[in-house]
Amino acid sequence: MLALKEVGKTYPNGVHALERFSAEIQPGEIIAIIGGSGCGKSTLLRAIAGLDRASTGSVSLDNVVITSPHAKIGIIFQEPRLLPWLSVADNIDFGLADLPADVRREKVAAALARVGLADKADAWPRELSGGQAQRVAIARALVPQPEVLLLDEPFSALDAFTRRDLQDHLLDLWADTRPTLILVTHDVDEAVVLADRVLVMRPRPGRLFQEITINLARPRDRKSELFDTFKRRVLTALDRSLDRAVRDPADKSSAGEAMWW
Amino acid sequence: MTVDLPALEQTAGPAAAPARWQRYARPALGLLLPVVLALGWELVVFLGYSNGRLVPPPSKVFATIAELAKSGELSRHILATLWRVGAGFALGVVAGTILGAISGYWGLARRLLDPTVQALRAIPSLAWVPLFVLWLGIFETSKIVLIAVGVFFPIYLGVMGAILSVDRKIVEVGRVFRLSGPAMIRRILLPAVLPAYVVSLRVGLGLGWMFVVAAELIGASEGLGYLLLDGQQLGKPAQILAAIVIFAILGKLTDWLIELAAAPLLRWQDAFGARGGA
């Protein structure tokens, strides 16, 4: 279990990015963290990854406090961040440090096949499209079989079609080993289609504002009415978190559903 | 250094059918101008419009080279010069790489070291010549040190700048996979700085060839620079031109060697110059 206890972060320049964020995340859960800019969602993710240390509070995985990058925690960034001097296969291999060569080769080949890029093993990263590169990044993060996978707006740089494909693909991959996924996003659709729980944050300083459970069966139909209902709920929470004028939730079901779009 | 066509021209050209002859035609096009000029001058002298005493025709220059080669003089001079460039270049590369790496990697060292190095860099390197001669004598040592000084600065700057500009995001990937310090250097920093390092090596080598001439003009009994000086003092322009031609060939050849050695390491680069099929 991943436990976040009153995690706070104040940067050396005085910016108070995150305040007393607490949450308990069960193994295999998919969490989406959503919020306006400056709500500390990336800060939170970097603290969980062990890339930045929290100023107050603690992050612990199975009762082990995380202060630096951990073998069981993987991360996928907004950009693929592939190493341009390594072939696609070697990039995936980068995540497998201590295993014997033949085991690594097998795992890399399996991972490449799993993300549908077996034919690109010897390609250079520069030869890949944005979606392909991000799939390689996903394979690289998943191949060491992390227990927790963090995703920092992983699909925001991609076009809408590729984004939807990769969201489905991610769920598909998740089903293999069911790691905990923590996804930072600013895309309500993405949060609702992927997450078990959506944590809405409010900015300045970043705080947990509201938690919304998405108890929809998977695979989720993006066009269903129920899906829309959850989306609306998240949007309402987002608007509230930003202190925007919100219509009374009671009348949204009756009259102006179109008002939201 | 090679000059590649700008990216725009590469795509816009009639490259739809890359016929085999085009691969040779392009470099050949670069040869057209010098060859025409040389043949033209040869013709002018041959027809008697000029006696070609101060500007000897190509045939005479090549005859001089052949003559020097036959007597064994040429290889002696070439070897002497090559040795000086090689030793000075090696010295400059080692010093520049080490100090550049320290300055790039370690902020305190950079604040301590860099201002001094930059101040020294501002001195025209030839101004050191009298001092080096006084300190190190007029023979080999002062020459090699002068060349090393010339080579040092571009290497130092290149290595330091390359390390400073390594992408933080890529370094973070190394951190996520928990690379140790040495592994971080070997697997992330070295490959990341390699392209800039190769460029600085080539610049450094070019300066090495420049400084060997200066060093050999100080006073030498052998070497291509000596051939230059000797040709001037004895009024033999053909010998000067012969030495210049050999300088050009050697400079281009050594530069090409670096390029050739680095090519397999830099195939991954996503740059203007990178060819699709490479």
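Start by selecting the interface of chain B and chain A in this predicted model. Across it there are 7 residue pairs in polar contact, with both partners at pLDDT 80 or more. Now colour the chain B side that touches chain A: the elements giving two or more residues to it are α8 (168-176) and α9 (181-218) of chain B. Give α8(B) a bright colour, since you'll want to spot it: this helix supplies the largest share of that side, 8 residues. By type, the chain B residues that touch chain A split into 9 nonpolar, 2 polar and 8 charged.

How many residues does each chain bring to the contact? Chain B brings 19 and chain A brings 20. Interface size is often quoted as the accessible area lost when the parts come together. Here, about 2000 Å² is buried between chain B and chain A, and carbon and sulfur atoms give 64% of that.

Next, hunt for salt bridges: there are 3 between chain B and chain A. Select A:R81 and B:E172 and show their side chains; they meet in one of these, at 2.8 Å from N to O.

Now leave the interface topic and go to the aromatic rings. The whole structure has 6 aromatic pairs over all chains. Select B:F132 and B:W135, a tilted pair with centres 6.5 Å apart and 45° between the planes. Both sit in helix α6 (residues 129-136) of chain B, and because they are 3 residues apart there, about one helical turn separates them. Buried or exposed: which is B:F132, and which is B:W135? B:F132 has a relative accessible area of 7%, so it counts as buried, while B:W135, at 59%, is exposed. Add B:W128 to your selection and you have one aromatic cluster with B:F132 and B:W135.

For another pair, pick B:F152 and B:F153: these rings are edge-to-face, 5.1 Å centre to centre, with 80° between the planes. B:F152 is buried at 11% relative accessible area, and B:F153 is buried at 10%.

Two single residues to finish. Click on A:A3 in strand β1 (residues 2-10) of chain A. With a relative accessible area of 9%, A:A3 is buried. Leaving out residues up to four places away in sequence, A:A3 touches A:A23, A:S58, A:V59 and A:S60.

Last stop: B:V94, in helix α4 (residues 73-105) of chain B. At 48% relative accessibility, B:V94 counts as partly exposed. Try the distance tool from B:V94 to B:R187: they are 93 residues apart in sequence, with 21 Å between their C-alpha atoms.

Definitions and conventions. Residues are numbered from 1 along each chain as its sequence is written. Chains are lettered from A and ligands numbered from 1 in the order in which they are written. This is a predicted model: local features need pLDDT of at least 70, side-chain atom pairs count only at pLDDT 80 or more; totals for chains, interfaces and linings use all residues. Side-chain values use heavy atoms; hydrogens and water are left out. Contact means heavy atoms within 4.5 Å. Buried area is the accessible area (1.4 Å probe) that two parts lose on being put together, summed over both. A salt bridge is a side-chain nitrogen of Lys or Arg within 4 Å of a carboxyl oxygen of Asp or Glu. A polar contact is a pair of N or O atoms within 3.5 Å; within protein, one must be able to donate a hydrogen and the other to accept it, and residues adjacent in sequence count only if both atoms are side-chain atoms. Helices (H or I, at least four residues) and strands (E, at least two) are DSSP runs, numbered from the N terminus. Ala, Val, Leu, Ile, Met, Phe, Trp, Tyr, Cys and Pro count as nonpolar, Asp, Glu, Lys and Arg as charged, and the others, Gly among them, as polar. Buried means under 20% relative accessible area, exposed over 50%, partly exposed in between (1.4 Å probe, protein chains only). Rings of Phe, Tyr and Trp (its six-membered ring) pair if their centres lie within 6.5 Å; planes under 30 degrees apart count as stacked, over 60 as edge-to-face and the rest as tilted.
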